[in-house]
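Open the model in your viewer and keep the sequence panel visible. The tour goes from one residue to the cores and then to the place where two chains touch.

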Amino acid sequence: MSDQQNSSHPNVPLSARVGNGITRRDFLNEVTLGALGIAGLGSVAVTYQYFSPNVLFEPATTFRAGNPDLYPLSSVTFLQDQQVYIVRMPEGFYAVSAVCTHLGCVTQWKPDAEMIACPCHGSKFKPDGTKIEGPAPRPLPHFAISLTADGELLVDKLQNVKPSQVLKV
Amino acid sequence: MATTFQSAFHSLRETKVWKSIFRRGPANTKRTRSHAVFGNLSLHWLPVKVREKSLRVRASYYLGSISFILFIVLFVTGILLMFYYHPAAPHAYRDMKDLQFVVSNGVFLRNLHRLAAHLMVFAVFWHMFHVFYRGGYKPPHEFNWIIGVVLLLLTLFLSYTGYLLPWDQLAFWAVTVGTNIISAMPFVGNKVRFILLGGNIVGENALLRFYVLHVVILPLVAFFFIGIHFWRVQKDGGLTTKHRDGDGQE
């Protein structure tokens, strides 16, 4: 009688109990809640997968930037469609992202001041992407640049390289 | 004339049809009146009795009601705008321009939606400040204050998702900047941005996702929380009035 009073279901007869003093109702409650919990977590997981697209119809991240002769020596050229600067310096070619590292606005090359400036929040960069001032936390990244077999510049916007890596033509 | 009308209305309320719809006969005593409010789906979140004090303009400036009326205006005009707007990149901007220049009264509806949206953000903020300075966050109103904060965030999310839909330069860059702020979140930022935009750039998927959030998910959630908010105002004993707090003011 005393162990019946201590249990959570004093009215449940002893015959309805499984070992360890767990009642059938407790057992079924836990199994049901556990199953619902697993199903709930599974639903969250598959919903997350559903919302994460596998195929994207976005512009290609690799592009041809034309013949190297198009770019005069010591020049910065803004390719608007690709949001990339092609910089040609005496030491060689490099491609600098035109997307500000602050909040993703497209920066502009100011030839008079010889710097890259962001119209949104005023970040300023040198032509090699190093930060002069402004809220931008990082310098503008350099993209991998190479030559195709037929001698055109090829830029891969998914591949970042060190600023020291320049393409000599 | 007035009495004939009144007696006609009175006998109408005695009919079987009226009683079957409203579940009771005429509400002519205090008791039957309170039952009429309790037993009616569209009235049950209203208080049966209100203190005269809380009806004064200075008690609330009706800011909560103004916010709600603006929400209803946005709901109605928004549904009407949906009849001409395709949430797809080739159409969105042109549909918005069509609403301005081609569709009859389209410019009126679009401007009503825009202005009501701006006003609603303003009204909700003003409502929050007013409640704050009156001490409306103190017990027993503290839970409803939290619901209010959720409603403020929902208002801002609604405003932000609606901002992208015209698909013009302002919309594009506002969402570019805003979603880059999201990606500054530690650890999960880039993932959240990817899921929200449905990609890496503000494109077709982002437009569609913001549209669905703007016209279905956020309004539904907002309606749910508005319901709780109004119901709790009543359950917590009406508006905060200075005398009731007994903090020696006034």
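Which residues does Ala117(A) touch, not counting residues up to four places away in sequence? Select Ala117(A) in this predicted model and show its contacts: Thr107(A), Gln108(A), Lys110(A) and Lys124(A). Ala117(A) sits in strand β6 of chain A, which covers residues 115–117. Ala117(A) counts as partly exposed because it has 16 C-beta neighbours inside 10 Å, while a buried residue needs 20 or more.

Now add Gly34(A) to the selection. Gly34(A) and Ala117(A) are 83 residues apart along the chain, and 57 Å separates their C-alpha atoms.

Move next to the largest nonpolar core, which has 18 residues. Select Leu164(B), Leu165(B), Ala206(B), Leu207(B) and Phe210(B), the residues with the most contacts inside this core. Two or more residues come from each of α7 (89–101), α10, α11 and α12 of chain B. The most come from α12(B), with five residues. Staying on Phe210(B), look for Thr161(B), Leu164(B) and Leu165(B), which Phe210(B) touches when residues up to four places away in sequence are not counted. A second, separate core has 17 residues, including Val84(A), Tyr85(A), Phe143(A) and Val155(A).

Last, show both chains. Here 14 residues of chain B are in contact with ten residues of chain A. On the chain B side, α10 (169–182), α11 (189–197) and α12 (204–235) give two or more residues each. α10(B) gives the most, with five residues. Colour that side of chain B by residue type to find six nonpolar residues, seven polar and one charged.

Note on methods. Residues numbered from 1 in each chain as written. Chains lettered and ligands numbered in written order. Predicted model: local features only at pLDDT ≥ 70, side-chain atom pairs only at ≥ 80, totals over all residues. Contact = placed C-beta atoms within 7 Å. Helix = DSSP H or I, 4+ residues; strand = E, 2+ residues; numbered from the N terminus. Nonpolar A, V, L, I, M, F, W, Y, C, P; charged D, E, K, R; others polar. Buried ≥ 20, exposed ≤ 12 C-beta atoms within 10 Å, placed from the backbone. Core = buried A, V, L, I, M, F, W, Y, C linked by C-beta atoms within 7 Å.
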